[in-house]
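Okay, thanks for making time, everyone. Let me put the thing up on the screen and then I'll walk you through it.

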Amino acid sequence: MIDLDNLKNQLQVIAKYGSAMAVLGWDEEVNLPPNGHVFRGEVLAQLSADIHKRLTDKQFVTLLNKLNKPDSLKKLSLDNQVIVRETKKDVDLATKLPTEFIERSVKLSSKAFPLWAKAREKSDFSIFAPVLEETIKLKQEEAELIGYKDSPYDALLDAFEPGMNTKKLDAVFEPLAKSISDMIKTIAKSPKLPTTIYDLAKQNELNHDIVATIGYDLESGRIDTSPHPFQTTLHVTDVRVTTRYDEKDFWVSLGSVIHETGHAMYEQGLPAKYWGTPRGESMSLGIHESQSRLWENFVCKSQPFVSYLYPLLVKKYGTLKYTEEQLYKWLNRVERNPIRVESDEVTYNLHIIIRYEIEKDLMEGKLQISDLPRVWNEKMKQYLGLDVANDALGVLQDVHWAHGAVGYFPSYTLGNLNAAQLYAAAKKAMPSLEAGFAKGEFKQLLDWLRVNIHSKGRTYSSTDLIKHITGEDLNPAYLAEHLETKIKLAS
Ligand code: ZN
């Protein structure tokens, strides 16, 4: 047990470095003066290099390998076996990428980001194209270092979603894209609400009230403002979210804060006694995103939730110029939008599938950077029926590639797929679930998520976790059925 305690201690040291990075990253988004970014970037790069060094340290790896021997492993409890097994995966991945490679990656993304921002501002793809070419080459190099069986894209996917590969994604994304493309052919004009001004201070109060009622522990969390809403974890007792505000649309802030709270409640529900080890960590991006999307789209856009919300809005802002029914239809509207982050929950998945297909072809060398804007626009036409006005509204809209995040996009739609399947299982297990929402009761659902998902940490892979809870493999029929109800409302 001395070896195991030693391993846990060292993992907690690494996690404390991670916590320091989280507070610095949070501060960068929420408070940092513009001139502070360059130095903050250097500090964060230094800390991530230190973490990498500790994770690949010779003595640490020797200790881990000793614990990972079948004889030693057998003697450990199941929870401790998870710690050793998952740490081994993390260390193996970290060892495959030399420090020199990590440094090159960090440098390339700091070079890429301002070029992307300039290209988007001028809507000129040629400004970003050369550095994007370098990025894809670097990602191909990364895939070779990590290793893969079928597609180099698999190596990248696995880092975000362990066990996921292009074969599994093709099997799910292809039928989903087809069914959504067919569905949206029938959508009519999207509903609008009469212009209303929602006082910002009141929005902030209402956001706090609602997420606290849902189950976000504000004694171990806080809500701040940032241009791009996010959630970050410093420790299980300090899980923060941010949001942004629009005076004419209360849902901009409330919707974001609910989404981020979904992430935050997952983090607050991880087992505290295993903090700093994989047993106390979230499973994957796709499972994380299922938690945010479940609350945002499945709970908080449901009719019973709107029945709970409407009187709260009236209490806060006085008599409204629209009815509860109008609010419900507006929240669930479906419309074709060229911008991913402004899209509704139906068409959003098509945006993701387009990016997935493009990334896969780039990584496999089947698509050249110079052809990218044309291919992007063709796919937008094919899937969404949209003509893209310019590259700023098309291929240049997302920051991900400038950050070197290739393989990240699929986790958004995986989150939707997981959320749909989990929510169906939750409703089956608790038939009175939604009736409770109308009365502001959410504890039943949160408890179910705590028991089945949050408390498990990284015990199961995401695919096993879904199967364990719902009794079947990832099945796109649940999401398709849910989206079909949105289409019916919008037709
Ligand atoms: Zn999210």
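First, some vocabulary: a nonpolar core here is a set of buried Ala, Val, Leu, Ile, Met, Phe, Trp, Tyr and Cys residues joined through side-chain atoms within 4.5 Å. Buried means under 20% relative accessible area, exposed means over 50%, and partly exposed is in between, with a 1.4 Å probe and protein chains only. Now the caveats: this is a predicted model, so local features need pLDDT of at least 70 and side-chain atom pairs count only at pLDDT 80 or more, while totals for chains, interfaces and linings use all residues. Residues are numbered from 1 along each chain as its sequence is written, and side-chain values use heavy atoms, with hydrogens and water left out.

Right, the cores. The largest nonpolar core has 122 residues. The ones with the most contacts inside it are Phe128, Phe250, Trp295, Val299, Leu327, Trp401 and Leu445. Which helix gives the largest share of this core? That's helix H7, residues 125-146, with ten residues. Helices and strands, by the way, are DSSP runs numbered from the N terminus: H or I with at least four residues for helices, E with at least two for strands. There's also a second, separate core of 18 residues, and Leu7, Leu55, Leu73 and Leu76 are among them.

Let me zoom in on Phe250. Ignoring neighbours within four places in sequence, Phe250 is in contact (heavy atoms within 4.5 Å) with Tyr198, Gln203, Leu309, Leu313, Tyr322, Leu327 and Trp330.

Next, the zinc site. Donors are N, O and S atoms within 2.8 Å of the metal, or 3.2 Å for Na, K and Ca, and water is not among the atoms, so sites may look incomplete. What are the protein donors of the zinc ion? His259 (NE2), His263 (NE2) and two OE atoms of Glu289, lying 2.1 to 2.8 Å from the zinc. Along the chain, the donors follow the spacing H-x3-H-x25-E. The two histidines both sit in helix H11, residues 250-268, four residues apart, about one turn of the helix.

Why is the arrangement irregular? Because the four donor atoms subtend angles of 49 to 129 degrees around the zinc ion. For four donors, tetrahedral needs all angles between 85 and 135 degrees; four count as square planar and six as octahedral if opposite donors are over 155 degrees apart and all others between 65 and 115; anything else is irregular.

Are those histidines buried or exposed? His259 is buried, at 11% relative accessible area, and His263 is buried too, at 10%. Also in helix H11 is Ser253, which is buried at 0%. Beyond four places in sequence, Ser253 is in contact with Gln203, Asn207, Thr243, Arg244 and Tyr245.

On to the sheet. We have an open sheet of three strands, in the order S1-S3-S2, with mixed pairing. Strands S1 (221-225) and S2 (231-235) stand at the edges with a single partner strand each, so one side of each has no neighbour in the sheet. Neighbouring strands are turned by 20 degrees against each other on average, direction ignored. Axes are lines fitted to C-alpha atoms, for helices over the stretch in contact, and angles run from 0 to 180 degrees between N-to-C directions.

What about pairing? Two strands pair if DSSP finds at least two bridges between them. S1 and S3 (residues 238-243) pair in the parallel sense over five bridges, and Asp224 has Thr242 in S3 as its bridge partner. S2 and S3 run antiparallel, joined by four bridges, and they form a hairpin with two residues between them. There, Thr233 stands opposite Val239, while Gln231 has Val241 as its bridge partner. S3 is mostly covered, with five of its six residues buried.

Helix H1, residues 2-30, lies across S1, S2 and S3, running at about 145 degrees to S2. Tyr17 is in H1 and counts as partly exposed at 23%. Tyr17 touches Leu47, Asp50, Ile51 and Arg54, leaving out residues up to four places away.

One oddity to finish. Most residues other than glycine have a negative phi. Ser123 has a positive phi of about 50 degrees although it is not a glycine. Ser123 sits in the loop between helix H6 (99-122) and H7, and is partly exposed at 26%.
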